[in-house]
Amino acid sequence: TVTRIKRSLPNDGNIHFIAQANNKGISAERNQGILKATGKYILFIDGDDYIDSNTIIKLLNIIKKNDYDIVGFNMESVPDYNSGKALSNREKRYVSSELEVGIYTKDSLLDNLFRGELKHNPTSYLFKRQVFLSNAISFPDNINYGEDYATIYKFFNFVEIGAVINDRFYKYVQRNSSATHKPQLKYAQDNLQVSRKILRYFKNTKYYSGARNYVIPRLITALS
């Protein structure tokens, strides 16, 4: 697979292929990408999913108009066409909500995250790379579940100005083999660990009440 990918890459220096000798997990892969990237912005795409063909050009047009730290966009659940199964009602509901379009500050990003109006999925944001680097933000590689939940609030906490649009650029492929479809004890343990860290992070700040309301539904879901 690695050889085939390398052969298919254009020889113009714009695409850099990084292969890990061992599968260290998605957090390690994302962290490596942040460190090795040379561009100003980062866009994450999980291996099972894909983005709309117009995603990059539309996002570029947005950041050309303003030097945003982050640009959020919407997602669409799509079926795994290999399985031939239609989406369940749960899968449809997961990303069915509309986003409030506009300009966001740190306060409005955190407030909307804590109220469930914005999701913690990093695949639905375009990130300014320097915010990761300047604030030592990385994805945790010591947990198996909840790495997104453990990271997005930290990035939001250092945003000066961002934007949110409602275009459903990201296509979230629903596979029964996905970790999110398989509740297990480790999932609950990891989410409990992350929830505690979130509460400690915002302790003695004006965001604590919102953070507390944010983690309670997550814990209920993890333990159910």
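What follows is a short chat between a trainee and a mentor about the cavity and cores of a predicted model.

Mentor: Ground rules: this model is predicted, local features need pLDDT of at least 70, side-chain atom pairs count only at pLDDT 80 or more, and totals for chains, interfaces and linings use all residues. Numbering runs from 1 along each chain as its sequence is written, and side-chain values use heavy atoms, with hydrogens and water left out.

Trainee: What makes the space of about 120 Å³ a cavity?

Mentor: On a 1 Å grid over the protein atoms alone, a cavity is a set of points where a 1.4 Å probe fits but cannot get out. Its volume is the space filled by probe spheres set on the points, which are joined across faces, edges and corners. One cavity here reaches 30 Å³ or more.

Trainee: How do you know which residues line the largest cavity?

Mentor: A lining residue has an atom within 4 Å of a point. That gives 14 residues, with Phe73, Asn74, Leu99, Lys119 and Ser124 nearest the centre.

Trainee: Why are Leu109 and Phe114 in helix 5 called buried?

Mentor: Because buried means under 20% relative accessible area (1.4 Å probe, protein chains only). Leu110, Asn112 and Leu113 of helix 5 are buried too.

Trainee: What makes a set of residues a nonpolar core?

Mentor: Its members are buried Ala, Val, Leu, Ile, Met, Phe, Trp, Tyr and Cys residues joined through side-chain atoms within 4.5 Å. The largest has 33 residues, and Phe127, Phe156 and Ile198 have the most contacts inside it. A second, separate core has 15 residues, including Leu59 and Met75.

Methods: 1 Å grid on protein atoms, 1.4 Å probe; cavity = no way out; pocket = protein on both sides within 12 Å on 5 of 7 lines; lining within 4 Å. Buried < 20%, exposed > 50% of the residue type's maximum accessible area, 1.4 Å probe, protein only. Helix = DSSP H or I, 4+ residues; strand = E, 2+ residues; numbered from the N terminus.
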